[in-house]
Amino acid sequence: MTRSDILAIINAIMVKKGRAEIRDEAQATREVNFRSLDFSETALRIENQIGRELSFEAAAMRKIETIRDVLDFFEGATVVA
């Protein structure tokens with residue numbers, strides 16, 4: 001799954017919830033109102049599209065502060081080991 005695919009999923013969730021689409025990866029998740037429930041919904045949609053559960057370390061989630069971090073996280077989690 002590409003970075004743009006992941007951002008499209010995030011933006012679909014944002015629009016569905018009446019929020020603006022994300023245009024700048026450098027924005028803080030708090031600044032754009034991207035919440036933990038949005039993160040979970042993003043993960044579920046990605047899993048549905050790739051047909052398997054994501055593989056990631058929980059410690060990596062604690063380091064997420066920007067949309068770039070979210071995209072990096074999901075890019076890494078979708079890689080088949």
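The paragraphs below walk through this predicted model, from one of its helices to its largest pocket and then to a single residue.

Helix 2 covers residues 36–50, and because each of its 15 residues should add 1.5 Å, an expected span of 21 Å follows, which agrees with the 21 Å that separates its end C-alpha atoms. The buried residues of this helix are Asp 38, Phe 39, Glu 41, Thr 42, Ala 43 and Ile 46, and the elements that cover them include helix 1 (3–16), helix 3 (58–61) and helix 4. An α-helix has 3.6 residues a turn, so residues three or four places apart point the same way. Just after helix 2 comes Gly 51, whose phi is positive, at about 75°.

Phe 39, one of the buried residues of helix 2, also belongs to the lining of the largest pocket, together with Thr 29, Arg 30, Phe 34, Arg 35, Ser 36, Met 61, Ile 64 and Val 70. Sorted by class, the residues of this lining are five nonpolar, two polar and two charged, and the pocket they line holds about 220 Å³ of space.

Helix 4, which is among the elements covering the buried residues of helix 2, runs over residues 67–78 and contains Asp 72. Is Asp 72 buried, exposed or partly exposed? Its relative accessibility is 40%, and because buried means under 20% and exposed over 50%, Asp 72 counts as partly exposed. The C-alpha atom of Asp 72 is 8.0 Å from that of Arg 3, although the two residues are 69 residues apart along the chain.

Terms used:
Residues are numbered from 1 along each chain as its sequence is written. This is a predicted model: local features need pLDDT of at least 70, side-chain atom pairs count only at pLDDT 80 or more; totals for chains, interfaces and linings use all residues. Side-chain values use heavy atoms; hydrogens and water are left out. Helices (H or I, at least four residues) and strands (E, at least two) are DSSP runs, numbered from the N terminus. Buried means under 20% relative accessible area, exposed over 50%, partly exposed in between (1.4 Å probe, protein chains only). On a 1 Å grid over the protein atoms alone, a cavity is a set of points where a 1.4 Å probe fits but cannot get out, and a pocket is an open set with protein on both sides within 12 Å along at least five of seven lines; lining residues have an atom within 4 Å of a point. Grid points are joined across faces, edges and corners, and a volume is the space filled by probe spheres set on the points. Ala, Val, Leu, Ile, Met, Phe, Trp, Tyr, Cys and Pro count as nonpolar, Asp, Glu, Lys and Arg as charged, and the others, Gly among them, as polar. The expected span of a helix is 1.5 Å times one less than its number of residues. Contact means heavy atoms within 4.5 Å.
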